[in-house]
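Student: I am new to this structure. Can you show me how to read it, feature by feature?

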Amino acid sequence: MIPGFGITLGTTLFWLGLIVLVPLGGLFIKTSELTAAQFFTVITSRRVLHAFEISFGLSLGAAVVNLFCGAIIVWALVRYRFPGRRLLDALIDIPFALPTAVAGIALTSLYAEAGWIGGWLAPLGIKVAFTPLGIFVALVFIGLPFVVRTVQPVLEDLDKEFEEAAASLGAGRMMTVRRVVLPSIVPALLAGFALAFARAVGEYGSVIFIAGNLPNVSEIAPLLIIIRLQEFRYADATAIAVVMLVASFALLFLINALQRWSHRQVEKST
């Protein structure tokens, strides 16, 4: 047995319980103040359901966009050498470095009707700021680095000899990517997708500035939780939070199961 295993495992479990399990347990305990009927009434109100739809729907859509765009960006950064590649690689981390409020203000300034980008879109009848589309743009912005930074090291470590062997056997470029490269990076892609989705669901700072925060139009679930807390309706706030927590866990569990399955498939093929 590895020396120190007992104390390190004990410390890990204690820290995990203190930082993660205790707050989550408190969330469920506070929600238990509501009866089943009250809980159902809270989470099925029109305003709450629409907030769930905005938060989960747009987060899922943004994660899908980041999955495909992130894969293309990673491929360009790893497989090609071009002027400005290092600068582009550094720019990917900007959403990590920027405070969320700064990101929200910057996006709002760009996509407002008087902004640099919004001014071009407005004559076309496309309004981004203060609409669900603005929320989607913000979620794509903050989620992209999660996919890129998760997949990039995996693709860098992928031995090019496998691609060369496939090419020597007559496989075309697209077939090599589809049959050799893609199966090897699918677990990393799914991990990046899960991280981008999880970040988007709970995002608050960068979204509230560009969303407009109109009930039943562009109000996200995290904002609705804050509103319920300001109204001293703590049990209602925790009820909304519990639904978000359970739904997020369920989706992340499904993604992790797909990730493990794809990893086993890769191991079998090798």
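Student: Which residue's side chain meets that of glutamate 231 in a salt bridge?

Tutor: Start with the general idea. Side chains of opposite charge can pair when their charged atoms come close. Now the case here, in a predicted model. The partner of glutamate 231 is arginine 233, at 3.2 Å from N to O. Glutamate 231 is partly exposed, at 39% relative accessible area. Arginine 233 is partly exposed too, at 38%. The pair also belongs to a network: shared salt-bridge partners join Arg228, Glu231, Arg233 and Asp236.

Student: How many salt bridges are there in the whole structure?

Tutor: A full search finds 8. One of them pairs arginine 149 with aspartate 89. Their closest N and O atoms are 2.8 Å apart.

Student: Where do arginine 149 and aspartate 89 lie?

Tutor: Look at the elements. Arginine 149 sits in helix α8, residues 132–157. Aspartate 89 sits in helix α4, residues 85–91. The two are 60 residues apart in sequence, so their bridge ties together separate parts of the chain. Arginine 149 is partly exposed, with 23% relative accessible area. Aspartate 89 is also partly exposed, at 23%.

Student: What does arginine 199 pair with?

Tutor: Its side chain forms a salt bridge with that of glutamate 203, 2.8 Å from N to O. Now compare each residue with the cut-off: under 20% counts as buried. Arginine 199 has 22%, so it counts as partly exposed. Glutamate 203 has 5%, so it is buried.

Student: Which other side chain does glutamate 203 touch through a polar contact?

Tutor: That of serine 206, at 2.6 Å. Serine 206 belongs to helix α11, residues 205–211.

Student: Is serine 206 buried or exposed?

Tutor: Buried, with a relative accessible area of 0%. Check what surrounds it. Setting aside neighbours within four places in sequence, serine 206 contacts Thr100, Ala103, Gly104, Ala138 and Ile142.

Student: Now the whole protein. How many helices and strands does it have?

Tutor: There are 13 helices and 0 strands. Reading from the N terminus, each element is an α.

Student: What share of the residues is buried?

Tutor: Of the 270 residues, 40% are buried. The accessible surface is about 15300 Å², and carbon and sulfur atoms account for 72% of it.

Student: And how far along the sequence do contacts reach?

Tutor: Take contacts between residues at least 6 apart in sequence. Of these, 74% join residues at least 24 apart.

Methods. Residues are numbered from 1 along each chain as its sequence is written. This is a predicted model: local features need pLDDT of at least 70, side-chain atom pairs count only at pLDDT 80 or more; totals for chains, interfaces and linings use all residues. Side-chain values use heavy atoms; hydrogens and water are left out. Helices (H or I, at least four residues) and strands (E, at least two) are DSSP runs, numbered from the N terminus. Buried means under 20% relative accessible area, exposed over 50%, partly exposed in between (1.4 Å probe, protein chains only). A polar contact is a pair of N or O atoms within 3.5 Å; within protein, one must be able to donate a hydrogen and the other to accept it, and residues adjacent in sequence count only if both atoms are side-chain atoms. Contact means heavy atoms within 4.5 Å. Accessible areas come from the Shrake-Rupley method with a 1.4 Å probe; for residues, only the protein chains shown count as cover. A salt bridge is a side-chain nitrogen of Lys or Arg within 4 Å of a carboxyl oxygen of Asp or Glu.
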